[in-house]
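Hello,

Here is the structure I said I would pass on. My notes on it follow below.

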Amino acid sequence: MLVEQSSRVEQTARLKDEIQRIKKEKDVVILAHNYQIPDVQDIADFTGDSLGLSRKAAKVNQKTILFCGVHFMAETAAIICPDKRVLIPDLQAGCSLSDSITVDELRNWKKQHPNAITVGYVNTTAEIKSELDYCCTSANAVNVVKAIPADKEILFLPDMFLGSYVAKMTGRKKMYIWAGECHVHAGIKPEDITKKLDSLKDAEFVIHPECSCTTPMLFDMASGSFDNHKVSILSTEGMMTHVNSSKAKNFVVATETGILYKMRQQNPDKTFIPASEKAECQYMKMITLDKVYDALVQDKYEVVVPKEIADKARLAIERMLAIS
Ligand code: SF4
């Protein structure tokens with residue numbers, strides 16, 4: 001058993017070395033989302049959230065990006081970096097939230113509200129983004145909606161929890177919210193989180209709003225569910241800086257469990273507990289080292305966004321970036 005384990009460790013180390021060698025030889029930059037498995041995060045040039053990674057990719061010299069994340073994120077990289085080739089190791093790595101609205105459904109919805117401004121979460125396909133007025137992330141959705149004149153109708157999609165949170169925070173009345181959701185948050189209950197926080201001495205509650213697995217918690221927080229605890233809503237970098245510098249020893253972390261890897265690695269003397277062990281995105285975990293290796297060797301799978309769609313989608317992203 002021990003021999004088996006050590007040979008597996010050696011094989012993984014060899015594979016990682018090979019990936020590093022081929023990556024340099026082929027001049028490829030590897031981006032890995034925070035929710036990727038630890039081995040994939042280890043071989044990445046950059047780890048982070050989806051938009052941050054795409055913006056970083058636009059600045060590097062390499063002409064090929066290997067994006068270890070889900071499909072809409074690779075599309076976003078292709079939209080932001082039109083002069084680069086974007087590869088994803090597994091085309092099946094999708095997203096239940098981005099699948100919750102089709103472009104025909106969106107067009108019909110827009111027809112019913114012809115004067116409405118359309119705001120869509122970054123967790124959408126390129127085709128959906130091309131139909132939006134504004135794109136948003138969970139970190140800037142409130143500011144994006146605040147920037148739209150108060151008398152305008154808003155169609156917000158596809159995440160109903162993020163939409164409800166934004167409506168609550170802005171007091172916006174004429175805001176219609178699409179009933180989409182991400183499967184990952186199912187089963188995460190505020191009372192379970194409160195129990196965890198109560199059971200740990202001086203535990204801090206940190207929420208990373210990158211994906212929809214945490215948007216119901218933003219809504220619960222705005223409704224007062226965690227009023228007795230220290231709660232921080234932070235970006236990836238903000239979260240790492242915060243947990244590194246905080247005097248607290250215990251943290252309950254609300255986001256997909258993949259992010260705990262770097263936190264534990266950088267803070268071995270602190271305890272990090274996921275708000276829910278169920279918060280695991282199986283699409284994110286579809287990317288393995290073997291698939292990364294195959295993608296590098298065989299130059300697959302290229303993610304191509306047609307120019308007319310990419311140009312329109314980029315506008316919605318740029319409008320968001322101008323506000324936040
Ligand atoms: S966690 Fe949810 S929203 Fe994020 S990629 Fe996975 S399915 Fe999509």
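**A helix across the sheet, and its neighbour**

Helix 10 (residues 215-222) lies across three strands, namely strand 9, strand 10 and strand 11 (250-254), and runs at about 125° to strand 9. Please keep in mind that this is a predicted model.

The sheet itself is open and has four strands, in the order 10-9-11-12, with parallel pairing. Its edges are strand 10 (231-233) and strand 12 (271-274), each of which pairs on one side only. From one strand to the next, the twist averages 25°.

Strand 9 (residues 204-207) and strand 10 run parallel and are joined by three bridges. As for individual positions, Val 206 has Ser 232 in strand 10 as its bridge partner.

Next, the helix pair. Two packed helices are described by the angle between their axes and the distance between the axes. For helix 8 (residues 160-170) and helix 10, the packing angle is about 30° and the axes are 8 Å apart. Angles under 35 degrees count as roughly parallel, so helix 8 is roughly parallel to helix 10. The crossing of helix 8 with helix 10 is left-handed.

On the helix 8 side, the contact consists of Phe 161, Leu 162, Ser 164, Tyr 165, Lys 168 and Met 169; these meet Thr 215, Pro 216, Leu 218, Phe 219 and Ala 222 in helix 10. By class, the residues of this contact are eight nonpolar, two polar and one charged.

Regards

Conventions: Residues are numbered from 1 along each chain as its sequence is written. This is a predicted model: local features need pLDDT of at least 70, side-chain atom pairs count only at pLDDT 80 or more; totals for chains, interfaces and linings use all residues. Side-chain values use heavy atoms; hydrogens and water are left out. Two strands pair if DSSP finds at least two bridges between them. Helices (H or I, at least four residues) and strands (E, at least two) are DSSP runs, numbered from the N terminus. Axes are lines fitted to C-alpha atoms, for helices over the stretch in contact, and angles run from 0 to 180 degrees between N-to-C directions. Contact means heavy atoms within 4.5 Å. Angles under 35 degrees count as roughly parallel, over 145 as roughly antiparallel, 65 to 115 as roughly perpendicular and the rest as oblique. A crossing is left-handed if the near helix is turned anticlockwise from the far one by less than a right angle, and right-handed if clockwise. Ala, Val, Leu, Ile, Met, Phe, Trp, Tyr, Cys and Pro count as nonpolar, Asp, Glu, Lys and Arg as charged, and the others, Gly among them, as polar.
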